[in-house]
Amino acid sequence: MNFFRSVFAEFRSIAWPSRREVVSFSLFALSITSVFALLFAFTDYVIFLMVRFFY
């Protein structure tokens, strides 16, 4: 029981991010992920065209 009290006390001392920070960081992560997905898709397509051309 003492363990759970310690855990809840620790949770109260955490500086949680605001809703605005969570939304902005989430949008940033989503945009970076989208950019890399497009980059990898373009690279994959170029490699596909090269293989199709030479084969």
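Helices (H or I, at least four residues) and strands (E, at least two) are DSSP runs, numbered from the N terminus. This is a predicted model: local features need pLDDT of at least 70, side-chain atom pairs count only at pLDDT 80 or more, and totals for chains, interfaces and linings use all residues. Residues are numbered from 1 along each chain as its sequence is written, and side-chain values use heavy atoms, with hydrogens and water left out.

**Exercise 1. Check the span of helix 1 against its number of residues.**

Step 1. The expected span of a helix is 1.5 Å times one less than its number of residues.
Step 2. Helix 1 has 12 residues, so it should span 16 Å.
Step 3. Its end C-alpha atoms are 17 Å apart, which agrees.

**Exercise 2. Classify the pair Phe-36 and Phe-40, and place it in the chain.**

Step 1. Rings of Phe, Tyr and Trp (its six-membered ring) pair if their centres lie within 6.5 Å; planes under 30 degrees apart count as stacked, over 60 as edge-to-face and the rest as tilted.
Step 2. A search of the whole structure finds 5 aromatic pairs. One of them joins Phe-3 and Phe-4: 5.5 Å centre to centre, 70 degrees between the planes, edge-to-face.
Step 3. For Phe-36 and Phe-40, the centres are 6.3 Å apart and the planes are at 35 degrees, so this pair is tilted.
Step 4. Both Phe-36 and Phe-40 lie in helix 2 (residues 19–54). They are 4 residues apart, about one turn of the helix.

**Exercise 3. Sort the Phe residues of these two pairs by exposure.**

Step 1. Buried means under 20% relative accessible area, exposed over 50%, partly exposed in between (1.4 Å probe, protein chains only).
Step 2. Phe-3 has 56%, so it is exposed. Phe-4 has 48%, so it is partly exposed.
Step 3. Phe-36 has 44% and is partly exposed. Phe-40 has 57% and is exposed.

**Exercise 4. How many residues of helix 1 are buried?**

Step 1. The count of buried residues among its 12 residues is 0.
Step 2. Helix 1 is therefore hardly covered.

**Exercise 5. Describe the loop between helix 1 and helix 2 through Trp-16 and Ser-18.**

Step 1. Trp-16 is found in this loop. Its relative accessible area is 59%, so Trp-16 is exposed.
Step 2. Ser-18 also has its place there. At 34%, Ser-18 is partly exposed.
Step 3. Ser-18 and Leu-38 are 20 residues apart along the chain, and their C-alpha atoms are separated by 30 Å.
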